[in-house]
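Biologist: I should like to learn how the features of a model are read, one at a time. May we begin with the loops and then turn to the helices and the ligand?

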Amino acid sequence: MNDKKVVLVTGGSRGIGAAIVTTLVKQNYKVVFTYKQNKEQAEILANSFNNQDEVCTYYPCDVAISDNVKELCEILLEKYGPPYALINNAGITKDNIHINMSLSDWLDVINTNLNSLFYFNHYLLNSMLMNKDGCIININSVSGLRGNVGQANYAAAKSGQLGYMKSLAREVGHFNIRVNCIAPGPVETDMISTIPTKTLDQLKKLTPLRKIAQPNDIALMVAFLLGDGGRHITGQTLVIDGGLSI
Ligand code: NDP
């Protein structure tokens, strides 16, 4: 019998999500990850592991659509039972200063980065509670803590995650379910690929550790929180930004 703990990672096809998938597979978890449109990248990632079928599976799921999440959760519960952990990583930005921000850019970002958390918990939480041991981690952002020019939609969604996380942590703690957020500063992924090199160089100079985070810097914190090191940590936001925000 396969006794690996099952972890669901949303948006695992690229960037931070892909690093989380890789790190958790190496740490002997059974990882189920989702993608929205990049099936090819999802396939390449999953195929990079030995015994792929046993350690890693992927499904398409637009996390911004409640019915998509429902469908996926039903499949997962049927196939694997309730997961040990849910990593809400899928996220998007649609930046613009407020006076130029469209309603659809507002809604897309709120639906993807915030409402999706409710959808997954709506369909999974009840059965996760029965395990009496589990983790929910939301990949947040320093924008959610400090706000950011051009990111009213994104900062509102990430900031909303924080209140949601703290409320949930209080509600489910006595079931030994830990709920936390990880708030990265800039991380080298597609998401920041449009930031000019000059701006990134300035950011590095302002960062005490003088570098931009790599996706694995975030993945290692996820692994820590899922492991024994995280067993008494709940309701917290762990900032990973090289000291940029101090
Ligand atoms: P990327 O743009 O590199 O990857 C985004 C991932 O999310 C992809 O796997 C993508 O799938 C998936 N995704 C996007 N929208 C949806 C959707 N509606 N439904 C399902 N999956 C979706 O982003 P990052 O890796 O940089 O970001 C990951 C998380 O980290 C996000 O929550 C982001 O807000 C947060 N973050 C990132 C920072 C950074 O500087 N990079 C800084 C702080 C926080 P597909 O490949 O199919 O498109």
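Modeller: Let us start in the loop between H1 and strand E2 (30–35), where Asn28 has its place. Please keep in mind throughout that this is a predicted model.

Biologist: What sign does the phi of Asn28 have, positive or negative?

Modeller: The general idea is that most residues other than glycine have a negative phi. Asn28 is not a glycine, yet its phi is positive, at about 75 degrees.

Biologist: Which residue in the loop between H5 and strand E5 (134–139) may be read in this way?

Modeller: Lys132 is found in that loop. Its phi is positive as well, at about 55 degrees, although Lys132 is not a glycine.

Biologist: How is a pair of packed helices to be read?

Modeller: Two packed helices are described by the angle between their axes and by the distance between those axes. For H1 and helix H9 (residues 215–226), the axes come within 8 Å and cross at roughly 50 degrees.

Biologist: How are H1 and H9 oriented to each other?

Modeller: Angles under 35 degrees count as roughly parallel, and those from 65 to 115 as roughly perpendicular. H1 and H9 are therefore oblique to each other. The crossing in which H1 passes H9 is right-handed.

Biologist: At what angle do the axes of helix H4 (residues 66–80) and helix H5 (residues 103–131) cross?

Modeller: Their axes cross at roughly 25 degrees and come within 8 Å. H4 is therefore roughly parallel to H5. H4, too, passes its partner H5 in a right-handed crossing.

Biologist: Let us turn to the ligand. Which residues around the ligand come nearest?

Modeller: There are 31 residues around the ligand, and Ser13, Gln37, Asn89, Tyr154 and Thr189 come nearest. By class, this shell has 13 nonpolar, 13 polar and 5 charged residues. Helix H1 (15–26) supplies at least two residues of the shell, as does helix H7 (152–172).

Biologist: Which polar backbone atoms lie 2.9 Å from an atom of the ligand?

Modeller: One belongs to Asn38, at 2.9 Å from an oxygen atom of the ligand. Another belongs to Val63, at 2.9 Å from a nitrogen atom of the ligand. In addition, a polar backbone atom of Ile16 is 2.8 Å from an oxygen atom of the ligand.

Biologist: How much of the ligand's accessible area does the protein cover?

Modeller: On its own the ligand has 900 Å² of accessible area, and the protein covers 96% of this.

Notes: Residues numbered from 1 in each chain as written. Predicted model: local features only at pLDDT ≥ 70, side-chain atom pairs only at ≥ 80, totals over all residues. Heavy atoms only, no water. Near = heavy atom within 4 Å. Polar contact = N/O pair within 3.5 Å; in protein donor to acceptor, adjacent residues only side chain to side chain. Areas by Shrake-Rupley, 256 points an atom, 1.4 Å probe, with all protein chains shown as cover. Helix = DSSP H or I, 4+ residues; strand = E, 2+ residues; numbered from the N terminus. Nonpolar A, V, L, I, M, F, W, Y, C, P; charged D, E, K, R; others polar. Axes fitted to C-alpha atoms, helices over the stretch in contact; angles between N-to-C directions. Parallel < 35°, antiparallel > 145°, perpendicular 65-115°, else oblique. Left-handed = near helix turned anticlockwise from the far one by under 90°.
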